[in-house]
Amino acid sequence: MNAESAARPSAAGARDARGAHPDKLAAAVFAALVAACFVAFFLTQRLKHRPTSVQQFKLTPNFAPTPAGRHKQEQISFKLAHAERATVTIIDANGNVVATLLTRYPVPRYKTVSLLWNGRRGPARSHRTVTSSTGHAYILPANRGPLAGTGEYRVRLRLSRQREPVLSPRSFTLERP
């Protein structure tokens, strides 16, 4: 064996030494990725089953605040997962506030709150509770401005413990003959 070949390790020995380390590293990275996937799965399951702030939103699809209208007032119902103070506004298709129905109104946990909107613009100066012929109680805000124009509207809820407002998933239509 000459001096040059003695100074160099064999090619097989070099591959073994280098190959063992990358295999351990790859196994560690793979194990970390598997563990991260399990953690992510359990976190998403927990978030998925956590109740949202607004449990239920119901709206009348359309109404006409005129004597000829079948539904003269918009019926709005919602239920919250936590007791909160809610500000309820009606917004138009451009996101502009058309009417404010309630301001910082205390809403109990898991109790359905039902409102009637008369189609009038502006802030409600007061509100009262009315009972339908079926015995259902509605909050009737006293909006006295001019009638809002024909078009699509949505309900926006601002909750005291939440930064972002919650929009109704669907819009409703104010119609005029």
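## A guided look at a predicted chain

There are two helices and 12 strands in the chain, where helices (H or I, at least four residues) and strands (E, at least two) are DSSP runs numbered from the N terminus. This is a predicted model, in which local features need pLDDT of at least 70 and side-chain atom pairs count only at pLDDT 80 or more, while totals for chains, interfaces and linings use all residues. Residues are numbered from 1 along each chain as its sequence is written, and side-chain values use heavy atoms, with hydrogens and water left out.

Visitor: Hello! What pattern does the chain follow along the sequence?

Guide: Welcome! The chain has two helices and 12 strands. Read along the sequence, their pattern is α-α-β-β-β-β-β-β-β-β-β-β-β-β.

Visitor: What percentage of the 177 residues count as buried?

Guide: Buried means under 20% relative accessible area, exposed over 50%, and partly exposed in between (1.4 Å probe, protein chains only). Of the chain's 177 residues, the buried share is 30%.

Visitor: Which element gives the largest share of the largest nonpolar core?

Guide: A nonpolar core is a set of buried Ala, Val, Leu, Ile, Met, Phe, Trp, Tyr and Cys residues joined through side-chain atoms within 4.5 Å. The largest one has 27 residues, and Phe 78, Ile 90, Leu 115, Trp 117 and Leu 157 touch the most other members. Elements giving two or more residues to this core include strand E4 (84–92), strand E6 (113–117) and strand E10 (151–159). The largest share, five residues, comes from E5.

Visitor: Thr 100 lies in that strand too; is it buried or exposed?

Guide: Thr 100 belongs to strand E5 (residues 97–107). Its contacts (heavy atoms within 4.5 Å), not counting residues up to four places away in sequence, include Thr 87, Val 88, Gly 122 and Asn 143. Thr 100 has 18% relative accessibility, so it counts as buried.

Visitor: Which residue in strand E5 has a positive phi of about 50° although it is not a glycine?

Guide: Most residues other than glycine have a negative phi. Tyr 110 has a positive phi of about 55°, but Tyr 110 is in the loop between E5 and E6. In strand E5 itself, the residue with a positive phi of about 50° is Arg 104.

Visitor: How many residues of strand E8 are buried?

Guide: Strand E8 covers residues 127–131 and lies largely in the open. Of its five residues, the number buried is zero.

Visitor: Which residue in E9 stands opposite Thr 129?

Guide: Two strands pair if DSSP finds at least two bridges between them. Five bridges join E8 to strand E9 (residues 137–141), and the two run antiparallel. Their hairpin has five residues between the strands, and there Gly 135 takes a positive phi near 95°. The residue opposite Thr 129 is Ile 139.

Visitor: What accessible area do Phe 30, Val 34, Phe 38, Phe 41 and Phe 42 have together?

Guide: Phe 38 is in helix H2 (residues 11–48). Patches are made of residues with over 30% relative accessible area and no salt bridge, with like charges joined within 9 Å and nonpolar side chains (Val, Leu, Ile, Met, Phe, Trp, Tyr) within 5 Å; a salt bridge is a side-chain nitrogen of Lys or Arg within 4 Å of a carboxyl oxygen of Asp or Glu. Areas come from the Shrake-Rupley method with a 1.4 Å probe, and for residues only the protein chains shown count as cover. These five residues form a nonpolar patch on the surface, with a combined accessible area of about 550 Å².
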